[in-house]
Amino acid sequence: MSVLGAGTGGSVNYKDLGERKKYSMMRMASTFPLYGDLMVDYYSQTHPNIAFIHTEPGLVDTNLMSTIPDDSFMSYFKKPALWLQSVVGTTAVKSGLIHMNALVSDKFSADKGYHLMKSNGGHTSKVKSHTPKAVAEVIKHTKQVLEIEE
């Protein structure tokens, strides 16, 4: 199981798969979830007897925002974010139970392959840019960066 925005990714920039030429936080927020989807798709192809799950946990009320230093730029968002997650966020315990249930229930494990899971534990759809070409190109790029020979 991996946790980061399943089914919410943006498009693939095939000319800059490493996002080095036009790096931005907004671009990363769009790219990373998609790459997670593509990776679990690839792993399910290379290990067909295992179920792989990528999840979108939603807003979870954790202490992550409270760790932002008060002297950083992000500190301006700290108090509003802490308030928002306490009001509309899911508790860490509830989120954990939903994710644990996905690991042990037949809902996902009985059907081998890859699954994209919503914050409520249900299935979600892949985005339009999640294609076989995208899987192949991102895996190829990842292996090059990590210097993994085929």
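Two strands are said to pair if DSSP finds at least two bridges between them. In the predicted model described here, strand β2 (residues 51–55) and strand β5 meet this condition, since 5 bridges join the two strands. The strands β2 and β5 run parallel. One of the bridge partnerships is that of I53, whose partner in β5 is H115. Strand β5 itself spans residues 113–117 and is mostly covered, with 4 of its 5 residues buried.

The overall architecture of the protein chain comprises 5 helices and 5 strands. Along the sequence, these elements follow the pattern β-α-β-β-α-β-α-α-β-α. The C-alpha atoms fill a box of roughly 45 × 45 × 25 Å, taken along the principal axes. The protein chain has 150 residues, of which 37% count as buried. About 9700 Å² of the protein chain is exposed, and carbon and sulfur atoms supply 60% of this area. Contacts between residues at least 6 apart in sequence were also examined; of these, 67% join residues at least 24 apart.

Empty space around the protein was considered next. Rolling a probe the size of a water molecule over the atoms shows where such space is left. The largest pocket holds about 600 Å³ of space. Its lining consists of 17 residues, and those nearest the centre of the pocket are L4, G58, L59, L64 and M65. Two helices, α1 (25–46) and α2 (75–88), each supply at least two residues of this lining. When the lining of the largest pocket is divided by class, 12 residues are nonpolar, 4 are polar and 1 is charged.

The second largest pocket contains about 150 Å³ of space. It is lined by 13 residues, and L17, G18, F32, Y35 and H141 are the closest to its centre. The elements that give two or more residues to this lining are α1 and α5 (132–145). Helix α1 provides the largest share, namely 5 residues. By class, the lining of the second largest pocket has 8 nonpolar, 4 polar and 1 charged residues. Helix α1 is thus named in the description of both pockets, as a supplier of at least two residues to the largest and of 5 residues to the second largest.

Two individual residues illustrate how exposure is classified. E137 is found in helix α5. The relative accessible area of E137 is 28%, and the residue is therefore partly exposed, a class that lies between the limits of under 20% for buried and over 50% for exposed residues. When its neighbours within four places in sequence are left aside, E137 is in contact with Y14 and L17. L17 also appears among the residues closest to the centre of the second largest pocket. Although E137 and L38 are 99 residues apart in sequence, their C-alpha atoms are 9.8 Å apart in space.

The second residue, W83, lies in helix α2. W83 has a relative accessible area of 56% and is therefore exposed, as the limit for this class is over 50%. W83 and D61 are 22 residues apart in sequence, and the distance between them in space is 9.4 Å, C-alpha to C-alpha.

Technical notes:
Residues numbered from 1 in each chain as written. Predicted model: local features only at pLDDT ≥ 70, side-chain atom pairs only at ≥ 80, totals over all residues. Heavy atoms only, no water. 1 Å grid on protein atoms, 1.4 Å probe; cavity = no way out; pocket = protein on both sides within 12 Å on 5 of 7 lines; lining within 4 Å. Points joined across faces, edges and corners; volume = space filled by probe spheres on them. Nonpolar A, V, L, I, M, F, W, Y, C, P; charged D, E, K, R; others polar. Buried < 20%, exposed > 50% of the residue type's maximum accessible area, 1.4 Å probe, protein only. Contact = heavy atoms within 4.5 Å. Areas by Shrake-Rupley, 256 points an atom, 1.4 Å probe, with all protein chains shown as cover.
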